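Biologist: I would like to read the backbone of this model with you. Where shall we start?

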Amino acid sequence: MLNRHASAYSLLIHEATRTVFVLNPKVMSSFTRRLLRRGLRRFHGLGDPSGGRLALVGAARRFPIASLGSHLSVALRPRRYEAFAVVRDPYARLHSAWRDKILGGHLATPEGRDDGYPPSVRGRELAALRSFARKRGLPGGKPGTLVPFRTFAVWVASQPEGGRNVHWDSQHMVIQHQHFRFARIFRMEDEIDEAFVTVFSRIGFPPPWICRQLLRPVNASPPTSERIYDADAASLVHQAFRRDFELFGYDPGRSPGSVRSAA
């Protein structure tokens, strides 16, 4: 069955070709939504990607939200569809989540106020993170201070799999791996061109056009020179995301400290 991360805003359903593409936060999801809007306008004449559905919902103007009937069909009969997704090295994805949601939020205002953080973490998530840091004597517990990556990683690892924020929960939970029979799950690092051509050519976008879109800059999180992982931090993250490493073929023994600025 679908889990708490199932979202109409992250599930592309193309009924004509029985195609499902599950977006994965921190794995080019914003870029994917932009590509979809451009492609649907250019090749299908859809100025509104959702075709007028949910007229008062802003998200429907930024992503092709399918009909209720399509969502029910996917939920109840997933094997009728060919499903696809893109995943990312768990070490790099977690660090990207910290840079985007924590470091970026801290830098958004000169005083590091909480209102500089994105809505997805502002409030309950940030309060829980700071409380966790204070109780364990870790840096970042004081309001207005930066929560370092190590503190963030320890906090994430303490949370139950499936109950974390979608931006840093295990990817097999986020993409509903237990629900779909995936035709293919691509790795962002070495299969992203193949992934986008495979999926979006199915819905009528020409491969040369898709490849040109991939040359455009994507969202970049704030840079940091902080050393990402030592052996202890890598071991902690490997344990927290062990299933992702196993399912998607990532090597937990590689040197994650060399990954510094991937968005």
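Modeller: We take one helix, then two loop residues. Keep in mind that this is a predicted model.

Biologist: How far should helix α3 span, and what do its ends show?

Modeller: Count residues and allow 1.5 Å for each. Helix α3 covers residues 90-107, which is 18 residues, so 26 Å is expected. The C-alpha atoms at its ends lie 24 Å apart, which agrees.

Biologist: Where is the kink in α3 centred?

Modeller: On R99. The kink there is about 30 degrees.

Biologist: What sits at the start of α3?

Modeller: Look at D89. One of its side-chain oxygens comes to within 2.8 Å of the backbone nitrogen of Y91.

Biologist: How many residues of α3 are buried?

Modeller: Buried means under 20% relative accessible area. In α3, 16 of the 18 residues are buried, so the rest of the structure largely encloses this helix.

Biologist: Now the loops. What is the sign of phi in most residues other than glycine?

Modeller: Negative. R18 has a positive phi, about 55 degrees, and is not a glycine. K26 is not a glycine either, yet its phi is positive, at about 75 degrees.

Biologist: Where do R18 and K26 lie?

Modeller: R18 is in the loop between β1 (11-14) and β2 (19-22). K26 is in the loop between β2 and α1 (29-44).

Biologist: Is K26 buried or exposed? And why does R18 count as partly exposed?

Modeller: K26 is buried, because its relative accessible area is 13%, under the 20% cut-off. R18 has 28% relative accessibility, so it counts as partly exposed.

Technical notes: Residues are numbered from 1 along each chain as its sequence is written. This is a predicted model: local features need pLDDT of at least 70, side-chain atom pairs count only at pLDDT 80 or more; totals for chains, interfaces and linings use all residues. Side-chain values use heavy atoms; hydrogens and water are left out. Helices (H or I, at least four residues) and strands (E, at least two) are DSSP runs, numbered from the N terminus. The expected span of a helix is 1.5 Å times one less than its number of residues. The bend at a residue is the angle between axes fitted to the seven residues ending there and the seven starting there. Buried means under 20% relative accessible area, exposed over 50%, partly exposed in between (1.4 Å probe, protein chains only). A polar contact is a pair of N or O atoms within 3.5 Å; within protein, one must be able to donate a hydrogen and the other to accept it, and residues adjacent in sequence count only if both atoms are side-chain atoms.
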